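I opened this entry to look up the packing inside one protein. My notes follow the model below.

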Amino acid sequence: MEHPYLARTSQNLLSRPRTKRYCSTAASFVPSRANNSGLPKRSPQTPRSRGETTMLKGKPIWGLGAVALCLTACGTSEPATTGQTTDEGGPVVDCADSQPTDHSATSLAWHIDPLPGPPLLYTAAPDAPQLENAGVWQAPPILISGASAYRCGEFLYQDWLFDDRGAAGVLDPNDPHDATSYLFSNKAGTLTYPTAEDYANNAADLVEFRVKPLSDRTAFRLTLNTLLDPSRVAMTIALGGSEAPVDWPYSAGVVSPARWFLSVKGTDVELLDAANDMTPIAGPAVTIDMVRRQYTIDVPHTAWNPGTGSVRMAAGVGVWDAEAGTYAQPGAIANASAPGGGATLSPALFNVAFRAQEPTPDFGAFMGRTIADAAVLDKTQAHWWRERAQADALQSGDISAFFANVDFDKLQRGESDESAVPTSGHLNRIYASRFAYGQGLDYENCGGISATRPCQGGMRGQLLPYAIYVPQQAPPADGYGLTVFPHALSANYNQYSGSRHSEQLGERGTGSIVITGSGRGPDGFYYDAAQADIFEVWADAARHYPLDPDRVTMTGISMGGIGSFRTATHYPDLFGRIMPVVAAAGGSEDALASLRNVPVMMWTCALDELQQLPITEEIVGALHGLNYRLDSYLFTTWDHLTPSTNDFYAPGAEFLLDDTVDRNPAHITYVFRPGETNADYGLVADKAYWLSGLELSDASTGIGTIDAVSEGLGLADPEPLPVAESVGVLDGGNHEPAPYVRRALDWVEPATQPAADRLHITASNIARVIVHPERAGLSCGAEIVIDSDVETVVVVDGC
């Protein structure tokens, strides 16, 4: 397997974030960070001649002149033009002091030593070529899908990832996005890519569109998610309006208002006058950057001049048929060079821009109750990839609803406008992972209902989507809490988008950010790449939003609930509470003891078809046997899917209100399972609270246990209360009131006792452990009492 670490920044793996500035000026190379990206260092080059197509596979292209290598550049505050122009003919926009705020210095637990959780959580953002700027481009990307903005003299639109599904037509019987693997993440569009490898099931997936006026021309830039062979890709920009919709050129199969069409066909570019029988207009040139997967198109003012007015723009991407000189026409079944999944006269575009209003899933009363009926209704709705509106419009052939009016006066003045960037509610964000395994979608790499390890997941590239709920209320002084909410098997990151579930979790108390990552696919069971996605999404949210690192919870349904057990037993010092729903421990049964200081709520269903009652009752019994805090609800009339479709979790939101992490408990129990994590992904779980550096004596067993009690904190073990059993009815949601049996085991408040400089350790198969005395209330000379089945070395940190 290719080593998954993609590229490190100039910071060390566990370095505290620093303020960074990435800003480009004309014809200069001024990176404000080291180039550790693995890409060749760049130097200024001579701009290319007008009218050329410039493309070099495998190397970055500097067709518009050299500037700083930028991951993000110039910021989002009110910029102003300086009155100067760059060597490329564009205004120099002063936005260097307007960097997006990086909250990670306070949103992560840097104040704790040792740092809780895996190293990956604290790793700086990697270089991401697709998010870099070169040439005249300066503005930082938006990274919120469906949003548009004016930044640094540029207009930007951020598209949805993996939404390149085309029109709603007739299913291709060989569609790799099959109904079993994606039972609860069906797509609305039915187009399938040609089967040749260069299409990678993702060749027409638009990431970003941007436009910028220059002194003698207008520059456009389109970034793709996957770009392996430009000769197989085409894209069209419709410019201006018309009284009636106009047919798009090259058999795109759609209409919209337009006065001109600017198209890239493979490696050629053409501007057509739609009002004059599609007469070609000379002058445009295109540069294709294979590393950044970016197309930059220059249109000189002699060919088209937007002036200072507002120009209507639409854009779409598809597959190019060079032999026919048209967009590749979809048939019923894809072959090596033609798409499948098309109906009669089906449009050829896979992806359309400017879709701010893509609907979220609808958790209404008609979502079903069981796996069978919910799956049927899910397939009918198909909102999970945020392309339902696109699929329906393409099916009709009229995409007039998808456009942007670009204000060139605003661009010329360098005015900033963020009014079309949502700041709260249900959002999809894009982040750059540290890991990449290629490009596109590989449906055969796990990509189904598999617990195979290692599993890299179906999403192969560096850019990944995640869903986030941002509370409507303003953040408290210490920041929002965080709720980690992984998706279920055969679902995707939008499983909870639009749900009451996310809203109840997000708006509880003073507010909690709710995040759901892709896991790189529908399975993975939160091992390896899927678990890495949890922490990379967490780190990305911590960069963009103010979080209180001491207020963190985790929940999830089915596989997401299994992931909650798995993650919390590896890293208990990250979480205040967890709430698995219709989920057993899924392989973490032998590590439940690690949850001593993490209260648990479980929702289970008596008629559950997957996580059947005997399995979930075994976990309830195990936690009761440990005398751990557990609040369990057994719904006597519900199936596996009923909690999801009922979509009402008020008791869970109330339970998770008390979300404060116990940083320094007097009593720690930790089950060390190094084989369950993967250091190649920055996932190392060898510590808990004030214990770290754990090593096994006999590694072949794969497991060791340590129980540590500090008398230095002056607290006795809390006494468990008897299990309190009651019955009730959950009234609320999309279904009828639901009866339940509730069993709650709680603790009395721990009694105080005289503090003593003494530590008790009971260990099994533990060869070495580091104790951090200050957090345990101990001194360097503390008495240490050890009861171990092997020789155990105890290191007192700093002594």
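Is helix H6 largely enclosed by the rest of the structure or largely open? I found 16 of the 17 residues of H6 buried, so this helix is largely enclosed by the rest of the structure. Buried means under 20% relative accessible area with a 1.4 Å probe, protein chains only. Helices (H or I, at least four residues) and strands (E, at least two) are DSSP runs, numbered from the N terminus.

The model is predicted: local features need pLDDT of at least 70, side-chain atom pairs count only at pLDDT 80 or more, and totals for chains, interfaces and linings use all residues. Residues are numbered from 1 along each chain as its sequence is written, and side-chain values use heavy atoms, without hydrogens and water.

**Core.** I looked up the largest nonpolar core next. A nonpolar core joins buried Ala, Val, Leu, Ile, Met, Phe, Trp, Tyr and Cys residues through side-chain atoms within 4.5 Å. This one holds 114 residues, and Ile515, Trp538 and Phe575 touch the most other members. H6 (residues 528-544) gives the largest share, 10 residues. I also noted a second, separate core of 46 residues, with Tyr193 and Val311 among them.

**Contacts.** I then checked Ile515. Not counting residues up to four places away in sequence, Ile515 touches Trp538, Val537 and Ala541, among others. Contact means heavy atoms within 4.5 Å.

**Length.** I checked the span of H6 last. The 17 residues should span 24 Å at 1.5 Å a residue, and the end C-alpha atoms are 25 Å apart, which agrees. The expected span is 1.5 Å times one less than the number of residues.

Definitions and conventions:
Buried < 20%, exposed > 50% of the residue type's maximum accessible area, 1.4 Å probe, protein only.
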